[in-house]
Amino acid sequence: MALRFYNTYSGVMEEFIPSGMKKDKIQDYPPVTIYSCGPTVYGYAHIGNFRTFIFNDLLRRYLKFRGYKVNHAMNITDVDDKTIEGANREGISLRDYTDRYINIFFEDIDVLNIERVEHNPRATESINAMIEIIQRLQERNFVYSRDGSLYFSISKFHKYGMLSRLDRRQIRSGARYDADEYEKDDVRDFVLWKSPKNGEPFWETPFGPGRPGWHIECSAMVRQVFGGTIDIHTGGVDLVFPHHENEIAQSEGAYDEKFVRYWIHVEHLLVDGAKMSKSKGNFYTLRDLLDKGYSPRAIRYLLLTSHYRKQLNFTLEGLKTAENALARIDNFLVRIDDVKKNAEVDPAIRTLSQEFVVHFIEQMDDDLNISGGLGEFFDYVHSINSLIDEGRFSIADRDFVMDILRRIDSVFGFIFFKKASHGIDAERIQSLIDERQKARKEKDFVRADRIRDELLAGGIILEDTREGVRWKIRQ
Ligand code: AMP
Ligand code: ZN
């Protein structure tokens, strides 16, 4: 049994072998090098973007869970057509403009419980690495100049089109493209370095002043952070062409080595069948949804729990379903926390838990099959619930199960992620319950009922049991 990923480059599932050299033990591999295309910081990221960023998070968390070390970079695109336009519109410097959106981006990342990665290079701080690649490409005759801009001649790079499976006859050599983004049926030479225009920031280089094209930025940042071939490169499927195709052409054209071993692409988040995107205006930002009262935890759950190679249609209904699934998990946590019995760990619980972990790994090793992994998790919850029903659950069992849950949550990041979930604060609930008990003892039933109604309004149901009052979340 081994971890496998679908590699866009080969078009098949492949066993994951970091560094290209198979080792006996996972611990023996050098850290897995991952580069993820990050945000272009010209506004708030939308939750389509966050689908991709949450997938990156799942990938790194699962690798660590399996015992790999990771060395992960996600870049910040802080100079391109859109960031320059935004800064000019507001009449402030590019740096001030992009700093604002970088701060907002990291706030959002934290709110969604996405782990910070090891490196966040900024394009504007990687200009020297861009110059080096462009100079090497010049020496190797991949570059020509027109009107002060430099272009990559795609007909010179024989592997051009391998990632996106382009028909080579489509290649229109000599026709040039200046924009950062374009369609797959318009295959032209792309810009590496743009000549300076009025009102645009520029950098001095050996080949004249100007600013980078978008694609060279990522090739340069990969080189700057990792030095050579990397294990995994990720991004949304919209980046396969032209962005990643062009990255390969630049990096492999400049250096005689493979650029990336595994290309992993995340399918789109859709709204009514169309890609969620800024330009279409059919998007929600994280803050839009928080303002509507949805929890970051439910948003994380929804975006994480369908397989990354399947399109996901976003609806508010889907978020409500996510809240319900989380309420089930919370009720389970409340329940197992409630045990009082003293006994050794039940061997049945030990076996059940170990089997669950094995099955979870089997599912997730299969190209991060999260639906399968989640199915195993809910089966486990169900089995433990049955054992509790039978009165077969002790404090030692609870500690054992909690340990398993913590390990699984190092991958999911939504089991114990309480922030703003239903606005629930377990301590506050307990103190309200205590107050209600006190009121009842003092025969102040009006007050006792008021407290119960207040909890109910917050989605908390009280149950009077022989062991005292228990609370659960309304589903
Ligand atoms: P951008 O800030 O536009 O450069 O995009 C950042 C990341 O989000 C890239 O990896 C995109 O491929 C990805 N992305 C953009 N729109 C969507 C979407 N609707 N669903 C999933 N990923 C997306
Ligand atoms: Zn990129």
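Here's a quick briefing on two helix packings and a ligand site. The model is a predicted one. Helix H6 (residues 240-254) comes up twice: its axis crosses that of H5 (residues 214-226), and H6 also packs with H4 (residues 127-139). Ligand 1, for its part, has 17 residues around it.

**H5 and H6**
- The two axes come within 9 Å and cross at roughly 55°, so H5 and H6 sit oblique to each other.
- That crossing of H5 and H6 is right-handed.
- On the H5 side, the contact uses Trp 214, His 215, Ile 216, Cys 218 and Ser 219; H6 answers with Pro 242, His 243, Asn 246, Glu 247, Gln 250 and Ser 251.
- Sorted by character, the residues of this contact come out as four nonpolar, six polar and one charged.

**H4 and H6**
- Here the axes are 8 Å apart, at an angle of about 70°; angles of 65 to 115 degrees count as roughly perpendicular, so that is the label for H4 and H6.
- The crossing of H4 and H6 is left-handed.
- Ile 133, Arg 136 and Leu 137 of H4 meet Gln 250, Gly 253 and Ala 254 of H6.
- The H4 contact with H6 splits into three nonpolar, two polar and one charged residue.
- Gln 250 turns up in the H6 contacts with H5 and with H4.

**Ligand 1**
- The closest residues to ligand 1 are Thr 40, Thr 52, Asp 238, Leu 269 and Met 276.
- Asp 238 also puts a polar side-chain atom 2.5 Å from a ligand oxygen.
- The side chain of Asn 49 has an N or O atom 3.1 Å from an oxygen atom of ligand 1.
- Gly 48 uses its backbone instead, with an N or O atom 3.1 Å from a ligand nitrogen.

Key: Residues numbered from 1 in each chain as written. Chains lettered and ligands numbered in written order. Predicted model: local features only at pLDDT ≥ 70, side-chain atom pairs only at ≥ 80, totals over all residues. Heavy atoms only, no water. Axes fitted to C-alpha atoms, helices over the stretch in contact; angles between N-to-C directions. Helix = DSSP H or I, 4+ residues; strand = E, 2+ residues; numbered from the N terminus. Parallel < 35°, antiparallel > 145°, perpendicular 65-115°, else oblique. Left-handed = near helix turned anticlockwise from the far one by under 90°. Contact = heavy atoms within 4.5 Å. Nonpolar A, V, L, I, M, F, W, Y, C, P; charged D, E, K, R; others polar. Near = heavy atom within 4 Å. Polar contact = N/O pair within 3.5 Å; in protein donor to acceptor, adjacent residues only side chain to side chain.
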